[in-house]
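Hi everyone, thanks for making time today. I'd like to walk you through a structure that is probably new to most of you, so let's get it up on the screen.

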Amino acid sequence: MKRWLSALFLGGLVLGSLPAATISFLVIETGLPADSARPESSSLWESGMMDSFFDAGHIVSNAPVLRVEHPPRDPEAKFPREASRELDEARLGGADFFVVIFLNYRNNPLGKPGEIQVRIFRVSNGQLLYETACGEYTGDKIEEEFQRIKKNAGKILPYLKEKE
């Protein structure tokens with residue numbers, strides 16, 4: 001009997017201290033022709049962010065990469081209407097947070113994002129919780145860029161824990 005009580009107590013202690021949130025990710029590409037191939041940077045940002053959040057103990061999922069003509073220009077329109085369907089799917093899937101990664105490829109001859117923004121929304125009400133600019137693509141090597149992406153994700157994670 002003592003073993004069962006001890007196991008139950010330890011199980012409750014461990015499960016009660018898990019800070020996991022369910023987070024859905026969406027990469028939005030802008031500034032690319034509709035029929036062009038998917039740039040490697042898009043996959044790199046998606047996997048780097050998801051890896052970092054997963055390694056921090058969160059449950060992660062992703063929507064297919066979305067390509068739109070222009071990023072939202074209106075400061076009040078932080079959430080692109082083209083991504084509404086993905087937000088609804090995240091809500092139906094039980095996600096707590098929705099992370100949108102904007103990769104703007106406009107005017108970049110190297111085919112790398114010239115401007116990168118990350119926005120975190122609360123799924124329940126669509127409220128913007130956090131926004132940050134992550135600069136632009138700087139590394140020539142994939143591994144260097146992947147580490148920079150994970151470093152950016154590390155800056156966001158503490159803020160996310162405050163909002164849980």
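Let's start on the inside: Ile-101 has a relative accessibility of 0%, so this residue counts as buried. Please keep in mind that we are looking at a predicted model. Ile-101 sits in strand β4, which covers residues 97–104. What is Ile-101 in contact with, once we set aside its neighbours within four places in sequence? The list is Phe-25, Leu-26, Val-27, Ile-28, Trp-45, Met-49, Gln-117 and Val-118. Take Gln-117 from that list: it is 16 residues from Ile-101 in sequence, yet their C-alpha atoms are 5.8 Å apart in space.

Now let's step back for the overall view. The protein has four helices and six strands, and from the N terminus they come in the order α-β-α-β-β-α-β-β-β-α. Of its 164 residues, 38% are buried. If we take contacts with a separation of 6 or more, 65% of them are between residues 24 or more positions apart. As for the outside, the protein exposes about 9,600 Å², with carbon and sulfur atoms supplying 55% of that.

Gln-117 leads us on to Arg-119, as the two side chains share a polar contact of 2.9 Å. Arg-119 belongs to strand β5, residues 115–122. Is Arg-119 buried or exposed? With 5% relative accessibility, it counts as buried. Arg-119 also forms a salt bridge with Glu-131, where the closest N and O atoms are 3.0 Å apart. Glu-131 is in strand β6, residues 128–133, and Arg-119 in strand β5, so this pair ties together parts twelve residues apart in sequence. Glu-131 itself is partly exposed, at 30% relative accessible area.

How many salt bridges does a search of the whole structure find? It finds seven. One of them joins the side chains of Arg-67 and Glu-29, at 2.8 Å from N to O. That pair links distant parts of the chain, with Arg-67 in strand β3, Glu-29 in strand β1, and their positions 38 residues apart. Glu-29 is buried, since its relative accessibility is 0%.

For a contrast in setting, look at helix α3, residues 84–92. Here Glu-89 and Arg-85 form a salt bridge, their closest N and O atoms being 3.5 Å apart. The two are four residues apart in the helix, so about one helical turn separates them. Glu-89 is partly exposed at 47%, while Arg-85 counts as exposed at 60%.

That's my tour, and I'm happy to take questions.

Note on methods
Residues are numbered from 1 along each chain as its sequence is written. This is a predicted model: local features need pLDDT of at least 70, side-chain atom pairs count only at pLDDT 80 or more; totals for chains, interfaces and linings use all residues. Side-chain values use heavy atoms; hydrogens and water are left out. Buried means under 20% relative accessible area, exposed over 50%, partly exposed in between (1.4 Å probe, protein chains only). Contact means heavy atoms within 4.5 Å. Accessible areas come from the Shrake-Rupley method with a 1.4 Å probe; for residues, only the protein chains shown count as cover. A polar contact is a pair of N or O atoms within 3.5 Å; within protein, one must be able to donate a hydrogen and the other to accept it, and residues adjacent in sequence count only if both atoms are side-chain atoms. A salt bridge is a side-chain nitrogen of Lys or Arg within 4 Å of a carboxyl oxygen of Asp or Glu.
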